[in-house]
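Student: I am new to this structure and should be grateful for a close look at one part of it. Please begin with a single pairing of charged side chains and then place that pairing in its surroundings.

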Amino acid sequence: MYKVLKIGDKDYKLEYTIEASLYDEGIDTTLKFISAAGMPKEEDLEKYTPEQQAEIRKQVVDNIIKSMTNLPKTAMDLFYMGLLEHHGSGKYADHTIKSKDDVKDLIRVYFADHTDDGTGTFYDILSMCLDQMAEDGFFKRTGLEKMMSNAQKKDESSEPVPVNREQRRAKQKQKPSKN
């Protein structure tokens with residue numbers, strides 16, 4: 001079910017259904033954000049050498065930092081996605097949101113409306129969008145939930161991947177040839 005937002009003097013409906021699911025750039029943004037936010041559990045790291053564990057942790061932190069620096073764009077993309085169903089260019093929409101520039105203008109008004117209550121930030125918009133995506137079953141409907149779950153299961157069941165080139169070459173030399 002959609003969430004009604006009063007922005008300026010107009011009501012906007014935020015919903016993640018068909019139009020949002022078909023917005024490729026938004027799916028890509030969502031995947032990048034979700035995958036960057038994941039920190040492996042300590043027990044998952046135990047199968048790696050201390051050097052590999054340090055490298056994995058460094059990569060995860062780098063990904064988290066990158067996702068944080070992209071937070072405003074991510075929030076805007078997800079907000080845009082959520083507005084498409086009712087306000088985009090679809091058959092049943094009112095066509096008030098024609099581009100991301102329209103969403104930028106809407107965010108400016110949203111920030112002005114919410115400066116006093118402390119929710120006028122890109123982080124707050126992102127959180128609101130993620131909450132609404134979950135409520136609307138977006139992750140399940142698009143297959144992202146299943147895909148992430150399968151990737152996690154595969155990762156848990158696979159053997160450790162050597163981090164550097166020398167370790168990979170040594171591992172390849174250990175494998176018997178299939179000829």
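Tutor: Let us begin with Asp-28, which forms a salt bridge with Lys-32; their closest N and O atoms are 3.2 Å apart. The model is a predicted one. Both Asp-28 and Lys-32 belong to helix H2, where they stand 4 residues apart, about one turn of the helix. An α-helix has 3.6 residues a turn, so residues three or four places apart point the same way. Side chains of opposite charge can pair when their charged atoms come close. As for their setting, Asp-28 is partly exposed, with a relative accessible area of 37%, and Lys-32 counts as exposed because its relative accessibility is 54%, over the 50% cut-off.

A residue between these two in sequence has another setting. Thr-30 is also found in helix H2, which covers residues 24-36. Its relative accessible area is 2%, so Thr-30 is buried. A polar atom of the Thr-30 side chain lies 2.7 Å from the backbone oxygen of Gly-26. Not counting residues up to four places away in sequence, Thr-30 touches Leu-78, Met-81, Met-133, Phe-139 and Leu-144.

These contacts lead to the interior. The largest nonpolar core has 32 residues, and Tyr-16, Phe-79 and Phe-138 have the most contacts inside it. Helix H2 is one of the elements that give two or more residues to this core, as are strands E1 and E2 and helices H5, H6, H7 and H8. The largest share, 9 residues, comes from H5. In soluble globular proteins, nonpolar side chains tend to be buried together. Beyond its neighbours within four places in sequence, Tyr-16 is in contact with several residues, including Phe-79, Phe-138, Leu-78, Met-81 and Met-133. Leu-78, Met-81 and Met-133 are among the residues that Thr-30 touches as well.

Met-133 brings us to helix H7, where the buried residues are Asp-124, Ile-125, Leu-126, Met-128, Cys-129, Gln-132 and Met-133. H7 has 14 residues and reaches 20 Å from its first C-alpha to its last, close to the 20 Å expected at 1.5 Å a residue. Just after H7, Gly-137 takes a positive phi of about 75°.

The pairing in H2 may now be set beside others, for the structure holds 8 salt bridges. One of them resembles it in arrangement: Arg-108 and Asp-105 meet at 2.9 Å, N to O, and both lie in helix H6, 3 residues apart, about one turn of the helix. Arg-108 is exposed at 53% relative accessible area, while Asp-105 is partly exposed at 43%.

Another salt bridge joins the side chains of Lys-100 and Asp-77, with 2.8 Å from N to O. This pair links distant parts of the chain, since Lys-100 is in helix H6 and Asp-77 in helix H5, 23 residues apart. Asp-77 counts as buried because its relative accessibility is 1%. Lys-100 and Asp-77 also belong to a network of salt bridges with Glu-25 and Lys-73.

Finally, consider the chain as a whole. It contains 10 helices and 2 strands, and the strands precede the helices in the pattern β-β-α-α-α-α-α-α-α-α-α-α. Buried residues make up 34% of its 179 residues.

Key:
Residues numbered from 1 in each chain as written. Predicted model: local features only at pLDDT ≥ 70, side-chain atom pairs only at ≥ 80, totals over all residues. Heavy atoms only, no water. Buried < 20%, exposed > 50% of the residue type's maximum accessible area, 1.4 Å probe, protein only. Polar contact = N/O pair within 3.5 Å; in protein donor to acceptor, adjacent residues only side chain to side chain. Contact = heavy atoms within 4.5 Å. Core = buried A, V, L, I, M, F, W, Y, C linked by side-chain atoms within 4.5 Å. Expected span 1.5 Å × (residues − 1). Salt bridge = Lys/Arg side-chain N within 4 Å of Asp/Glu carboxyl O.
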